[in-house]
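Subject: Handover of a structure

Dear colleague,

Please find the structure below, together with its sequence. A short account of what was found in it follows.

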Amino acid sequence: MSISVLGISGSPHRHGNTETLLDSFLDGAKTTGAEIEKVVLKDLDYAPCRGCNACHKSGECVVRDDAIVLFDKVLKCDCLAIASPIYTMGITAELKGFIDRGQFLWARKFIFKTLYFTDDHIRRHKGLFISTAGQNWDHVFDGAFPAITAIFNGTGFEYYDNIIANNMDEYKGIRNHPTALKEAFEKGQNVVALLEKMQKDAAQPA
Ligand SMILES: Cc1cc2nc3c(=O)[nH]c(=O)nc-3n(C[C@H](O)[C@H](O)[C@H](O)COP(=O)(O)O)c2cc1C
């Protein structure tokens, strides 16, 4: 079975720095034989979490919109690439709004205990964070990492790697960055090759 890679673009700016970096990663994954899908949050119809806590009583979200459909896809893919530019030292509103809607999964894990990911499942599901930022400051991505860690933990992915490029203001765009697009392409190839190998090894008789 081929490896499925889902890319989620959290940038409101179509085909900007961050989505371009995500595309390069997905292209690399595709050349290695993965089945890829890209979802652009800006084009979806979903509301922020209401904080109604109905999911704490049922394990289901009462708001039946595109966020629920996307969480279904997240739970089915082998590799999840989440992309967001840095907006005001963190992730975009589009991405944070989506991540918050995963509260029903938190309820299933910690209240109902109906959702559980084995260590082997987590090892075989890789999550990558893809981001760009304007500033030339090494710590500019730090504010984004906790929410990305939370969604990978909540959906059963090992937080495998980051593909991040800062200093976009000076480079005047990701296409002028000396290494980022190539790095993203190669990381797409490498993670799919690794997951394929893990799948083959698991299918071998002991
Ligand atoms: C509303 C807004 C807030 C931003 N905040 C930051 C910031 O806090 N730090 C930073 O380094 N860059 C910041 N930037 C710059 C973007 O992170 C940068 O231009 C990025 O590459 C844009 O990616 P995109 O083309 O995918 O939108 C901000 C840009 C916008 C539009």
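I begin with a pair of helices. The axes of helix 1 (residues 17-31) and helix 9 (residues 180-203) come within 7 Å of one another, and they cross at roughly 40°. The crossing of helix 1 past helix 9 is right-handed. Please keep in mind that this is a predicted model.

On the side of helix 1, the residues that meet helix 9 include Leu21, Phe25 and Leu26. Among their counterparts in helix 9 are Ala184, Phe185 and Val192. The residues of this contact divide into nine nonpolar, five polar and three charged.

Helix 1 also has a part in the surroundings of the ligand: three residues of the shell come from this helix, the largest share. Of the 17 residues around the ligand, those that come nearest are Gly16, Thr18, Pro85, Gly134 and Gln135. By class, the shell holds nine polar residues, seven nonpolar ones and one charged residue.

The last point concerns a single residue, Gly127, which is found in strand 4 (residues 126-132). Is Gly127 buried or exposed? Gly127 counts as buried, because 24 C-beta neighbours lie inside 10 Å, and the cut-off for a buried residue is 20 or more. Leaving aside residues up to four places away in sequence, Gly127 touches Leu80, Phe152, Phe157, Glu158, Tyr159 and Tyr160. Ile151 stands 24 residues from Gly127 along the chain, and the C-alpha atoms of the two are separated by 9.4 Å.

Yours sincerely

How values were computed
Residues are numbered from 1 along each chain as its sequence is written. This is a predicted model: local features need pLDDT of at least 70, side-chain atom pairs count only at pLDDT 80 or more; totals for chains, interfaces and linings use all residues. A residue is near a molecule or strand if its C-beta atom, placed from the backbone, lies within 6 Å of it. Helices (H or I, at least four residues) and strands (E, at least two) are DSSP runs, numbered from the N terminus. Ala, Val, Leu, Ile, Met, Phe, Trp, Tyr, Cys and Pro count as nonpolar, Asp, Glu, Lys and Arg as charged, and the others, Gly among them, as polar. Axes are lines fitted to C-alpha atoms, for helices over the stretch in contact, and angles run from 0 to 180 degrees between N-to-C directions. A crossing is left-handed if the near helix is turned anticlockwise from the far one by less than a right angle, and right-handed if clockwise. Two residues are in contact if their C-beta atoms, placed from the backbone, lie within 7 Å. A residue is buried if 20 or more other C-beta atoms lie within 10 Å of its own, exposed if 12 or fewer, and partly exposed in between; C-beta atoms are placed from the backbone.
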